[in-house]
Amino acid sequence: MTRSDSYPRSLVLLHWLVFVAAALAVAAIELKGFFPKGSADRAQMTLWHESFGLAVLLLMTIRLVVRASVQVPPLPPGPRWMEISAHAMHWLLYLLMLGMPVLGALALAWSGKPIAFFGASWTLPLTVDVPLGRSIKEIHEAGANLVFAAVGLHAAAALWHQFIVKDDLLLRMR
Ligand code: HEM
Ligand code: HEM
């Protein structure tokens, strides 16, 4: 595997930064449940969730802009169904990493709550509509299951290529 078979370094870095930010957003919201209701630690976990979630939106947007302006390596040769499913999965991941933060932010805004980003706080100029905010929050929570399934399948496919097919696919993102 040579450097020319790999994604450009900027795209590799942004791929793993998105992964780390998403993992931290999920860790924060899962850890929240371990703290008592009304505690400062519990509130802090929510703030971390929102902040790292918005960092995902920012990093994924930057990655898409960079991706459009550089040459990416073609997918390794393989059957047509594999090519189609790899592309479909990549676009689903983009959609989820952009859509989930937007839904989270809209859920808060329609519920009349501010949105946190590492110490800063914003209120979106939307008319408060609590039932709509609740519905969007439910869609966001359902979307989280799709994120777990998609990232799990994507990571499993990468590891399958690397260790079963042994085509060094993982090194393309290194
Ligand atoms: C890729 C980014 C994100 C992912 C993967 C994600 C994932 C999750 C997950 C797993 C949950 C818990 C679901 C449950 O308990 O059933 C959740 C809840 C929530 N998320 Fe996100 N989220 C993201 C971004 C955001 C952002 C940017 C915001 C707001 C600015 C946000 C706001 C919320 C809110 C308000 C809840 C409900 C919290 C609660 O009531 O306990 N999320 N999200
Ligand atoms: C939040 C988690 C993740 C997201 C959103 C994500 C997203 C993506 C996307 C959109 C691509 C296509 C890149 C492009 O065309 O520019 C990609 C490629 C890739 N990802 Fe991930 N990924 C995540 C986690 C992981 C993990 C955990 C692994 C490894 C176990 C991994 C390994 C790879 C590899 C090896 C490629 C290159 C595949 C190829 O050459 O066709 N990703 N990822």
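Select ligand 1 and the shell of residues around it in this predicted model: its members divide into eleven nonpolar, four polar and four charged, with Gly counted among the polar ones. The shell holds 19 residues, the closest being Lys32, His49, Lys137, His140 and Ala144, where a residue belongs if one of its heavy atoms lies within 4 Å of the ligand.

Next, select the iron atom of ligand 1, whose protein donors are the NE2 atoms of His49 and His140, lying 2.0 Å from it; donors are N, O and S atoms within 2.8 Å of the metal (3.2 Å for Na, K and Ca). Because the six donor atoms subtend angles of 88 to 179°, the arrangement is octahedral, a term that asks for opposite donors over 155 degrees apart and all other angles between 65 and 115. The pair links distant parts of the chain, with His49 in helix α2 (residues 40-69) and His140 in helix α4 (residues 130-165), 91 residues apart. Both histidines, His49 and His140, are buried, that is, under 20% relative accessible area with a 1.4 Å probe and protein chains only.

Now turn to the polar contacts, pairs of N or O atoms within 3.5 Å. An N or O atom in the side chain of Lys32 is 2.6 Å from an oxygen atom of ligand 1, and a polar side-chain atom of Lys137 lies 3.0 Å from an oxygen atom of ligand 1.

Residues are numbered from 1 along each chain as its sequence is written, and chains are lettered from A and ligands numbered from 1 in the order written. Local features need pLDDT of at least 70 and side-chain atom pairs count only at pLDDT 80 or more, while totals for chains, interfaces and linings use all residues, and side-chain values use heavy atoms, without hydrogens or water.

Key: Tetrahedral: all angles 85-135°; square planar, octahedral: opposite > 155°, others 65-115°. Helix = DSSP H or I, 4+ residues; strand = E, 2+ residues; numbered from the N terminus. Buried < 20%, exposed > 50% of the residue type's maximum accessible area, 1.4 Å probe, protein only. Polar contact = N/O pair within 3.5 Å; in protein donor to acceptor, adjacent residues only side chain to side chain.
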